[in-house]
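User: Could you take me through one part of this model in some detail? I'd be glad of a friendly tour, with the figures left in.

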Amino acid sequence: MPIDAATLRTMYATMVKIRYYEERLAEIYREGKTPLFDISAGPVPGEMHLAAGQEPVAAGVCLHLRPDDTVTASHRPHHVAIAKGVDLKKMTAEIFGKRTGLGKGKGGHMHLFDPAVKFACSGIIGAGGPPAVGAGLASRKLGRDSVAVNFAGEGAANQGAWHESLNLAALWKLPVIFVVEDNSWAISVPKSKSTAVARNSERAVAYGIPGAYVTDNDPIEVYEVAGEAVARARRGDGPSLIEVKTYRYFGHFEGDPQVYRPKDEVGELKQKDPIERLKQRLIGQGVLTADGAAQIEAQARSEVEDAITFARESPYPAPEEALNDVFVA
Ligand SMILES: Cc1ncc(C[n+]2csc(CCOP(=O)(O)OP(=O)(O)O)c2C)c(N)n1
């Protein structure tokens, strides 16, 4: 699928915004947690899983999506949420546990739900598959051409719920795209020690659906492969499976000592950073100027800083609201 200049610039802008967001959250997350790492302290208490390095997957896929398409993501959700167009202020407020957040501050960073753009995520690994299939089924029953996309890690691709979702989507020919983000590690477990095949895309054969593997974190290749899968789903030809080789720059969670990881791994990955590569490629093609790139970067910074300020200045939920909007036995 050919990609025009405006789409390429949007792709770059999306990736830059995600990267800046994750880098700022990493800084803010550390506030108040030192000298001893106290996970409950600071403006963002609890666990934090950042996705810097994985921008190409989110940007390349979500550029094909409309607000009425459903996306389900994982415990590492910010890049996908941003690419899907989730309200950045409300999302950041949610991450800060504030009342103005998407879930009134009760979900936190792994539980972001934005009905306006049909985005959901979950801290339960593999749990995004079944609701994506449900959204695909709803689209079919309502006679619409909207699609559903499930993003999952390569570790999640060994979960039963994920395979059951593929089976049902294939059996019923539902408009669902399964995207696996292969960042090599499931916490500290390398893919080679958990997965019987080198590429999850090979597993598509078991469900009789197309499978594609994108090498080396290339956002344009992701865009092309996802374009085919989304078009196929929209015209009623059923699901597809895409795996993308991507990178995780931060630890599994913030505070992860990463002793399992070769010491030079992240440095080497950063040598071929996908954002810098895309920037040089677009400048080389005359699609972007250095000034244009600087403007995009400044715009991303300002949007992210506005969201952070909004979150910091928002109130916490009142104690008497603790049992509102939750299931109470
Ligand atoms: C059902 C379930 N089992 C175990 C966990 C604990 N857990 C959290 S993240 C994770 C690894 C996920 O790896 P992967 O799917 O590759 O995603 P990544 O962290 O690399 O983005 C595990 C096992 C969980 N959250 N849910």
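Which residue follows helix 1, and is its phi positive or negative?

Analyst: Happy to! Please keep in mind that this is a predicted model. The residue you are after is Gly-32: it follows helix 1, and its phi is positive, near 80°.

Let's go back to the start of that helix and work forward. Helix 1 covers residues 5–30, and its N-terminal end is capped by Asp-4. The cap is made by a side-chain oxygen of Asp-4, which lies 3.2 Å from the backbone nitrogen of Ala-6. As for the length of the helix, its 26 residues should span 38 Å at 1.5 Å a residue, and because the C-alpha atoms at its two ends are 38 Å apart, the expected and the modelled values agree.

Beyond Gly-32, the backbone has another feature to look at. Thr-34 and Pro-35 are joined by a cis peptide bond, with omega at about 5°. Pro-35 belongs to the loop that links helix 1 with helix 2 (55–62).

Since you asked about phi, there is another residue to mention here. Gln-258 also has a positive phi, of about 55°, although Gln-258 is not a glycine. Its place is in the loop between strand 9 (240–245) and helix 8 (265–271).

The ligand rounds off the tour. It sits in the largest pocket, with 15 residues around it, of which His-75, Arg-76, Gly-123, Gly-155 and Trp-185 come nearest. Sorted by class, this shell holds six nonpolar, seven polar and two charged residues. Two contacts involve the protein backbone: a polar backbone atom of Gly-123 is 2.8 Å from a nitrogen atom of the ligand, and a backbone N or O atom of Ile-125 lies 3.1 Å from a ligand nitrogen. His-252 contributes through its side chain, where an N or O atom is 3.4 Å from an oxygen atom of the ligand. On its own the ligand has 590 Å² of accessible area, and the protein covers 72% of that.

Note on methods. Residues are numbered from 1 along each chain as its sequence is written. This is a predicted model: local features need pLDDT of at least 70, side-chain atom pairs count only at pLDDT 80 or more; totals for chains, interfaces and linings use all residues. Side-chain values use heavy atoms; hydrogens and water are left out. A residue is near a molecule or strand if one of its heavy atoms lies within 4 Å of it. A polar contact is a pair of N or O atoms within 3.5 Å; within protein, one must be able to donate a hydrogen and the other to accept it, and residues adjacent in sequence count only if both atoms are side-chain atoms. Accessible areas come from the Shrake-Rupley method with a 1.4 Å probe; for residues, only the protein chains shown count as cover. On a 1 Å grid over the protein atoms alone, a cavity is a set of points where a 1.4 Å probe fits but cannot get out, and a pocket is an open set with protein on both sides within 12 Å along at least five of seven lines; lining residues have an atom within 4 Å of a point. A molecule sits in a cavity or pocket if more than half of its atoms lie within 2 Å of its grid points. Ala, Val, Leu, Ile, Met, Phe, Trp, Tyr, Cys and Pro count as nonpolar, Asp, Glu, Lys and Arg as charged, and the others, Gly among them, as polar. Helices (H or I, at least four residues) and strands (E, at least two) are DSSP runs, numbered from the N terminus. The expected span of a helix is 1.5 Å times one less than its number of residues.
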